[in-house]
Amino acid sequence: MSPPLVKADARRPLVVAIINQVPDLTYLRIDPGTGEIDLDEPDRVLHPNDRQPVESALRVKDADDAQVLVMAVDRQGAEEGIREALSMGADEGLLLSSGATRHSDALARANLLAHTVRHLPRCDAVFVGTETMEPDWSTVGGAIAAILDWNLVPGGREVRLKDGGTHGVAMYGAAFVRYKAAGPAVVTVRPDTHKPRWPTTWGVRDAYRDRTIQALNLTDLEIDGRMLARMASLTETRGQRVVRERKKETETFTDPPEVSARVIGKRLARDGYLGGF
Amino acid sequence: MEGQARPVVDARTGRAGPPTAEELGHGMRFRLTPEQRLLKKTTREFLESEVRHLVKEDKHGHGVFPEAAVKKMQEQGIFGMPIPRKYGGAGMGEVGYCLVAEEVGAVDSSLATILGAHTGIGMAPIWLFGNEDHRERIVRPLAEGTALGAFALTEPTAGSDAARIKTRADRDGDEWVLNGRKIWCSNGDRADYILVMAVSDPTLGAHGGVTAFVVEKDFPGFQVGSIEDKMGIRSSSTAELVFQDCRVPKENVIGKVGEGFIVALTALDGGRASLAAGALGACKELLGRMIDFSRKRRRAGRPIADNQAVQWKLAELAIKIFQNQHIVYDTAQLVDRYYHLIAEGHPVPRALRDEVSRKCAMVKVSASEAAGWAIEQALELFGAAGVRDAWDLERGFRDEIIIEIFEGTNEIQRLIISRDLIKGGNFW
Amino acid sequence: MADDELGGWGAFVQEQDAMDAERSQAASEREARPDEWRNVWVYAEVRDDHVRSSVYELIGKARELADALGVRVETFLAGTGDVDRHAQALIKAGADAVYIAKSPLHARQDPDAVHASLVHHVRRRRPELLLFGQNTFNDALAARLAVTLDTGCVTRVSGIRLETSERLFVFDQVGYGGRLERSSWIPKAKPQVATVLRRSFTRPLPDPTRTGQVIDVMTELGHEDLRLQVVGEAPEPAGLPLSQAPAVVLCGKGIGSKEGYAAAGRLTEIIHDCQMATTRSSVDLGFGPADRLVGIHGIRIAPRLLITLGVSGDLDTLEGIDTDRVSTWVAVDRDPESPILAMADIAVVSDWEPFIDALVETLKAEKRALTF
């Protein structure tokens with residue numbers, strides 16, 4: 001019998017907010033030779049978009065007395081992102097450390113996260129953001145739902161728990177509907193969903209001094225080599241480069257206004273400024 | 001990825017990259033902890049998005065107290081920084097308080113003044129010298145941000161020579177009766193609790209004859225007099241307080257009867273460190289604006305940043321910021337140790353007390369004068385744009401001057417430093 | 001513990017060994033026989049009774065890739081009622097076949113219904129590449145589909161290249177708000193699933209002579225396939241504040257009058273998510289409202305599209321524009337010496353009024369054309 005993964009009380013609802021650890025852009029280092037980014041940068045922070053799933057989970061905490069567990073796959077050893085989420089009010093942190101997933105793609109990490117969720121004493125909903133600095137991060141929610149065979153709530157907001165299920169607002173294509181569903185759900189949260197709360201000063205203090213972050217390795221999670229192989233990356237990636245600023249040239253129109261307006265109007269339409277249609 | 005060299009990992013730290021001085025064994029730990037970094041980052045982001053746009057000044061009336069901004073900051077926990085967690089504060093010490101004061105000072109000096117009068121000199125001494133009842137009853141609401149504090153020492157006939165205060169406190173059964181007038185009390189008209197120094201025994205001097213009282217705003221006999229109309233920090237209200245047979249229960253005496261002057265001096269020492277932090281924040285803000293402006297402003301087709309005269313200004317200010325950053329936080333750590341001894345009721349060595357006074361005086365002088373210098377340089381750089389109110393520089397110009405004056409003028413600070421030198425010799 | 005002293009590296013080495021041994025075995029189990037997977041699929045997303053414009057961009061790119069490989073471009077459309085009417089437009093844009101999965105359950109873009117339909121037909125018809133337009137909904141849909149089909153998924157794609165020798169698609173991706181780019185590919189699994197950012201590819205001109213198949217496919221969806229139950233409509237989230245508006249029309253003193261400001265407002269009705277803004281001097285003269293003031297005195301904006309009308313470009317105003325974030329800046333001013341013209345991408349030396357009249361007409365015509 002393995003020890004429980006978290007301290008959470010199995011009698012109270014538990015919601016999970018998953019965050020991605022991203023390098024602190026303030027100190028972004030770029031290899032001047034190749035233009036590639038040094039991703040072993042030690043400082044990692046909570047990406048602004050990742051405040052959204054945390055905020056969503058905290059609103060469930062406020063409304064339904066749920067416990068909030070923040071979870072991240074550790075790729076560097078830094079825990080600042082989780083601490084920031086704890087300072088917003090989350091109860092506990094879980095850091096899945098595994099050297100093997102260090103360079104894994106997002107779906108492989110989704111596998112590890114889903115595996116962990118399955119091992120929790122209980123879980124009523126999982127909230128995950130969309131893109132962070134990592135473009136593929138927006139696949140994690142959909143992937144976890146598929147792996148766990150749970151409900152998927154795309155672009156969810158105002159999600160609450162009720163009778164072992166969830167209800168709230170979901171995106172159906174581009175439209176928003178009110179939904180309800182039995183059973184636990186994975187909710188993807190868009191970057192513009194809420195105004196996330198600010199960590200208070202005492203929240204910051206408690207996050208560092210009173211809250212615990214459990215670090216689990218593969219053994220704790222009872223993942224053997226075979227299982228790990230199934231979690232292997234399917235995508236391969238080549239270097240992250242900084243998009244170099246193009247030197248802007250001004251194009252001046254001195255033609256009669258009707259003529260220039262036609263050219264410019266067509267260009268604006270081509271560049272998609274008229275919307276989806 | 002294949003073919004890519006694995007980063008060199010230090011066996012001791014398990015971390016990539018060269019070891020830090022600390023790891024090499026000769027570090028001085030002059031770095032913020034992750035907790036402090038998060039505090040600073042969060043505070044800055046919060047102030048930038050929630051508070052900066054609320055900063056407005058009434059140039060013609062009596063100034064507008066920034067109630068909305070203060071309330072937001074109180075809810076954020078910014079008004080209880082050094083107070084331990086168990087009394088409702090953030091429990092992050094003088095260092096945490098200075099980090100926050102720096103960020104507030106970068107946004108608005110009036111707000112920094114309101115915060116300073118409340119935290120450093122209003123609330124902290126009540127926590128330091130008060131008993132359990134004071135800490136629960138008075139400090140808790142102040143730290144949690146549901147009440148505002150202030151500190152009243154200066155009188156019309158006692159300013160820098162604070163030992164000559166005249167406000168009387170006479171014992172009457174279970175109460176003390178206060179009579180007198182206090183001036184230049186920041187937050188005086190807004191505060192719920194005011195720490196007031198009064199003469200409890202005129203036969204004794206400052207040491208032994210002065211007692212610290214907490215006056216609550218609804219005590220009979222307490223009245224707010226006139227509000228000062230000032231050149232700078234116009235959004236911070238500066239009040240005259242009138243005590244006319246003001247009855248204060250004996251439970252509101254802070255520290256021992258007759259030892260109020262120690263309470264006052266301790267408060268002022270710590271207050272100076274955070275004041276310096278606010279000035280440091282102002283310097284950093286100005287440097288940012290000056291860099292930005294000198295890049296954007298073009299003369300004869302080139303940005304003015306190309307001129308050496310401009311580059312020197314920027315470099316000079318950067319040097320001042322670097323210096324002050326180090327002495328401010330070094331001193332804040334010293335104050336933390338000092339406050340810890342007092343709060344726990346341990347004896348405080350005389351040498352430590354002197355060191356705190358001296359260092360707090362030095363950082364106050366250094367940072368306030370750096371800010372004063374910085375704003376002049378910024379105005380020079382911005383030219384006509386700086387004189388206009390749009391860029392807030394003229395407000396900054398009017399605001400910065402007070403930092404060199406309040407909580408003991410810089411001249412008085414220099415006296416504190418030099419007296420210590422003459423008495424104790426070279427302490428380096 | 002030895003592991004802790006090594007900062008977890010001991011565990012890492014063990015894990016690596018275990019992984020290397022198991023990986024090849026698992027990979028061969030999963031590896032599809034590549035010749036079984038053919039053709040490029042585009043998911044034809046229907047929104048408000050129209051096929052989204054980005055779908056046509058994808059068809060254009062898919063055509064190019066399919067021609068290089070000698071395979072077909074096929075689109076998959078899930079809908080109800082007379083969705084067949086979209087089929088010809090898809091064919092004219094370059095599709096060889098349009099699969100139409102009709103079901104009342106496709107009346108909305110129900111995530112479970114779309115997923116079930118796609119899984120069923122992708123398994124059956126085995127496309128090698130499956131493209132979606134990128135948005136929150138499709139990212140989740142594509143990822144869920146990829147996991148169900150045991151393949152990989154790449155999102156926020158801005159370019160696709162073909163490694164013909166290995167029949168492999170290499171995707172250029174954009175991250176960090178456009179600041180980073182990288183290349184990804186899915187070497188050992190099929191189909192390769194990707195969501196593509198809008199405007200990454202040019203929308204092809206319709207070819208009226210093109211013909212193609214329209215194939216109605218069976219949908220055996222039942223209500224039991226739907227996990228989420230719709231209980232009502234939800235309002236759109238409130239509009240963005242001016243500081244976050246993706247398109248802004250900024251009117252300066254040169255706008256001339258309150259009526260001029262109102263007339264320029266016609267642009268906001270045509271341009272997507274567009275808002276009006278104004279400058280200090282225009283507010284002082286009473287032309288524009290004070291709550292839309294941009295600059296050192298007011299709001300800081302960071303739109304992708306910025307149109308300035310009669311703004312000269314003094315520092316007070318520029319302070320309120322995050323120019324690094326503007327990707328298209330059209331400046332209209334009658335004075336050819338006006339400093340703002342040198343800063344913009346497109347400078348128009350003209351009175352704003354006739355220009356805007358003509359621009360509104362052009363944009364209206366373009367918008368009609370866009371909807372086919």
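In this predicted model, strand β10 of chain A, residues 175-181, pairs with β12(C) in the antiparallel sense, and four bridges join the two. One position along this pairing can be located precisely: A:Arg178 stands opposite C:Gly232, which belongs to β12(C).

The pairing forms part of a wider arrangement. An open sheet of four strands runs in the order β8(A)-β9(A)-β10(A)-β12(C), and its pairing is antiparallel. Which strands stand at the edges of this sheet? They are β8 of chain A, residues 157-162, and β12 of chain C, residues 229-233. Each of these has a single partner strand, so one side of each is left without a neighbour in the sheet. From one strand to the next, the twist averages 30°.

Attention now turns to chain B, which is divided into domain 1 (34-148), domain 2 (151-254) and domain 3 (260-424). Taken over C-alpha atoms, the centres of domain 1 and domain 3 of chain B are separated by 19 Å. Where these two domains of chain B touch, 23 residues of domain 1 are in contact with 29 residues of domain 3.

What builds the side of domain 1 of chain B that touches domain 3 of chain B? The elements that give two or more residues to this side are α4 (93-107) and α5 (109-129) of chain B. Of the elements, α4(B) gives the most, with eleven residues. In chemical character, the residues on this side of domain 1 of chain B divide into 14 nonpolar, five polar and four charged.

Conventions
Residues numbered from 1 in each chain as written. Chains lettered and ligands numbered in written order. Predicted model: local features only at pLDDT ≥ 70, side-chain atom pairs only at ≥ 80, totals over all residues. Domains from an automatic or database assignment. Contact = placed C-beta atoms within 7 Å. Nonpolar A, V, L, I, M, F, W, Y, C, P; charged D, E, K, R; others polar. Pairing = 2+ DSSP bridges. Axes fitted to C-alpha atoms, helices over the stretch in contact; angles between N-to-C directions.
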